[in-house]
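Let's take a walk through this one together. Have the sequence and the 3D view open side by side, and we'll go from the core outwards to a couple of individual residues.

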Number of protein chains: 2
Amino acid sequence: MAAIQQSLSTSISTFLGQNKLSVRSQNVSMQGKIGRIVRCVATPSTTASLCNTDQLELLKIAYKTKVSRNENLAKLQAGYLFPERAHELSTLKGYSGYGAEQGENQLRASIASTYYANVGIEEDEIFISDGAKSDISRFQVLFGSNVTMAVQDPSYPAYVDSSVIMGQTGQFQKDVEKYGNIAYMRCTPENEFFPDLSTVPRTDIIFFCSPNNPTGSAASREQLTKLVQFAKDNGSILIYDSAYAMYICDDSPKSIFEIPGAKEASPDHVAIEVSSFSKYAGFTGVCLGWTAIPKALLYSDGFPVAKDFNRIVCTSFNGASNIAQAGGLACLSPDGFKGMMDVVGYYKENTTIIMETFKSCMCEETKSPTCGTLVFNSSKMGGRISPPKANFQHKVYEGKNAPYVWVHFPGRSWWEVFSEILEKTRVVTTPGSGFGPGGEGFVRVSAFGHRENVVEACRRFKELYK
Amino acid sequence: MAAIQQSLSTSISTFLGQNKLSVRSQNVSMQGKIGRIVRCVATPSTTASLCNTDQLELLKIAYKTKVSRNENLAKLQAGYLFPERAHELSTLKGYSGYGAEQGENQLRASIASTYYANVGIEEDEIFISDGAKSDISRFQVLFGSNVTMAVQDPSYPAYVDSSVIMGQTGQFQKDVEKYGNIAYMRCTPENEFFPDLSTVPRTDIIFFCSPNNPTGSAASREQLTKLVQFAKDNGSILIYDSAYAMYICDDSPKSIFEIPGAKEASPDHVAIEVSSFSKYAGFTGVCLGWTAIPKALLYSDGFPVAKDFNRIVCTSFNGASNIAQAGGLACLSPDGFKGMMDVVGYYKENTTIIMETFKSCMCEETKSPTCGTLVFNSSKMGGRISPPKANFQHKVYEGKNAPYVWVHFPGRSWWEVFSEILEKTRVVTTPGSGFGPGGEGFVRVSAFGHRENVVEACRRFKELYK
């Protein structure tokens, strides 16, 4: 019976009444519960129109960021069908009923219980995506062109590029190799790959990836506590990319929500977390990820960020492929989770092989007494700095908590190093400067690959640098 | 061997060098062809920097739209690696080498040969997506906030909503139920659901869906020829949504590229086509679609639209799920295509059942001599207008070329009709006003459903309106 109403009114997954209502037939229980029709998203344009008690209570006590709501989203018209009957679904808790763009409820619940059981993130705060990269661009659409942003330097290029496309930045400044109006937070061996926040200006949005791509560095609990406090002091929204969190094997936090203030019983919430199955389950082509947005993360006017994000998702997205979602759910079963840990372990072994290769090259070549006394660059990372040598000066930063090895060739350009490796070993590394000016002189060596290929590549590295 | 370079430098699918280059290891053939490294996308910021002969020749002869390139995309820095060696891949033809965000080459080729063999759209002009809805929002990001747009009224809400979110529109004007700064092209029974273009102002972008959702009307060749000429006269870019084209069973064009000027040997190109597997293969949750952008579709400064779209896709998208793409490829095999036609035929039969139901209700109730002399509202559509009746006045527009039946209840509000049907039959239809002010007084009845549900719903319709 419930299928009938679906049959005659489907295919349009976002239906948006002009100042009236949104109807999603999937959300309509027809067994006498006509009232359970819900808006796809209702976005009252002022906080005054937040109409239910839960939200009013929230507004009284809530910490608000200083980030202004995107005025374009406030323009959108949406209302309620049967508003008086659908009251329970007009609450924030009602999100879970909206429908498929946010993902299958079972998968959302499974992600919440697997990754966020101890930090209070609930099923209806999880949005399933087709990958972190897609959600990063959706965040830019969400926040619009008038926000400012900060980013680790170096970092995954999608943060900066999507910001440029959205019009948040100035022109590219060739002298410093930076876009105007972006705060580049330098992360180098000198600061243990964690930015000196005292030099970072206030921005609306802060992108932060840990373990970091490309440096492989995972921020410590102490560092992340500083970062959350910095965001809170500035009223910023912290977008935390945890796509590599399962590679963490020390006590570095695996979620930003482990940090007080990011998400807790108290109402001072500052963070969004974006993550992905790609690096855990070999899902790079399958395309499945998620974003967690606490309901109590608020714009400066008190409007919930998650509500606008839900609107973006409903308008611009069909939901992740249902096949991929089924796969994701399987990955979170006990056997599936063990399988993911095996995948992660496999790539971590690759990382070790690559690291040992670069270290052994050093030793064999220098025959130096410094061999074997490599310096830890960070106790947290377990990374080691190899001593510079005359004809092959490089320093290797071990991705203990990540599938990347970050190799520094001081004084040499990315082009020189990259092309030397490519031409002499036929192995492609990734030039560090592509991740921002802070990557100049580095190459990133990825551990994602079949063992035999990694071993063969390392054999060639050794031959080149023996 | 070729796998080796992939193994150490993957996982980051868009690598964008700051004023340098983009590297995609997948694109690197290592068998002595170092030169075949390509940029992900190079976007010279001025046409003067278009550096290869093909493009310069194109500029001399090309028709250009009057749509300005999004200045934010022009800010993006990207260059070439080994520019002198990668010349062949810096040509427009070189698109096909960029990588997976645009989709699997085999699927792109198969779509080109299946749907565009006679209209000159080539494999490298096809971008695989996770569905038309996602691409519609990517178009908005592509064109940015400074363009103007026109849309059929009524039409699929994603066009307008995504435009609002991007900041292209003014506020919602409650008196007319329209957003400011959007040209609503009224499509009603009076104009055979094709707008009077003499009343439509020039806009940068024109969204046009045929067969239309929700009206079910497919534009004729003559109408589309007028539309293309209108776009060309105005220097507009026409975004043509052909998501229901396979439902066409008369001689209405199935692609906008069948129309001279939309895409042909001559360089006057004005159209982009967006489509989807959802309505052909039951892929609504699988999420697979495509967009076709002719290489010779140019901004007013001569820059190719497809290049910027490629940049958007690379930055904000991981590609459609590889599993979905494999499914799409199977759908385009001879057996698969027959299967899709069977699916389409099944839903077309549903449409007929629904249409006959509404007609029979009319007859049974009125016992009127007009029964049986229903008026064709359009020879092209084969739609019939039922005569108005005293106590149940409705007019039915048969979706001969579409899976929708568009039912008009003159003088009654959407709320009154929708709630009457819902409360008395427990069947959800879709209120027409949600598709724009032109849908007021209509409901859309969808044929997407299991036969038994459609039959049961129609039984209830008959009971209500007997």
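A good place to start is the largest nonpolar core, which has 187 residues; the members that touch the most others are Phe143(A), Phe277(A), Ile111(B), Tyr116(B), Phe143(B) and Phe277(B). Keep in mind that this is a predicted model. As a backdrop, nonpolar side chains in soluble globular proteins tend to be buried together.

Zoom in on Tyr116(B), one of those well-connected members. Setting aside residues up to four places away in sequence, Tyr116(B) touches Ile111(B), Ile121(B), Ile126(B), Ser255(B), Phe257(B), Glu273(B), Trp290(B) and Ala292(B).

Now hop over to chain A and find Met185(A), which sits in strand β5, residues 182-186. Is Met185(A) buried or exposed? Its relative accessible area is 1%, so it counts as buried, the cut-off being under 20%. Beyond its neighbours within four places in sequence, Met185(A) is in contact with Ala150(A), Val151(A), Gln152(A), Asp153(A), Pro195(A), Leu197(A), Val200(A), Ile206(A), Phe207(A) and Phe208(A). Take Val200(A) from that list: it comes 15 residues away along the chain, with 6.6 Å between its C-alpha atom and that of Met185(A).

Last stop, chain B. Thr203(B) belongs to the loop that runs between β5 (182-186) and β6 (205-209). Despite the loop address, Thr203(B) is buried, at 5% relative accessibility. A polar atom of the Thr203(B) side chain lies 2.8 Å from the backbone oxygen of Ile205(B). Leaving out neighbours within four places in sequence, the contacts of Thr203(B) are Thr148(B), Met149(B), Ala150(B), Ala183(B) and Ser236(B).

Notes: Residues are numbered from 1 along each chain as its sequence is written. Chains are lettered from A and ligands numbered from 1 in the order in which they are written. This is a predicted model: local features need pLDDT of at least 70, side-chain atom pairs count only at pLDDT 80 or more; totals for chains, interfaces and linings use all residues. Side-chain values use heavy atoms; hydrogens and water are left out. Helices (H or I, at least four residues) and strands (E, at least two) are DSSP runs, numbered from the N terminus. Buried means under 20% relative accessible area, exposed over 50%, partly exposed in between (1.4 Å probe, protein chains only). Contact means heavy atoms within 4.5 Å. A nonpolar core is a set of buried Ala, Val, Leu, Ile, Met, Phe, Trp, Tyr and Cys residues joined through side-chain atoms within 4.5 Å. A polar contact is a pair of N or O atoms within 3.5 Å; within protein, one must be able to donate a hydrogen and the other to accept it, and residues adjacent in sequence count only if both atoms are side-chain atoms.
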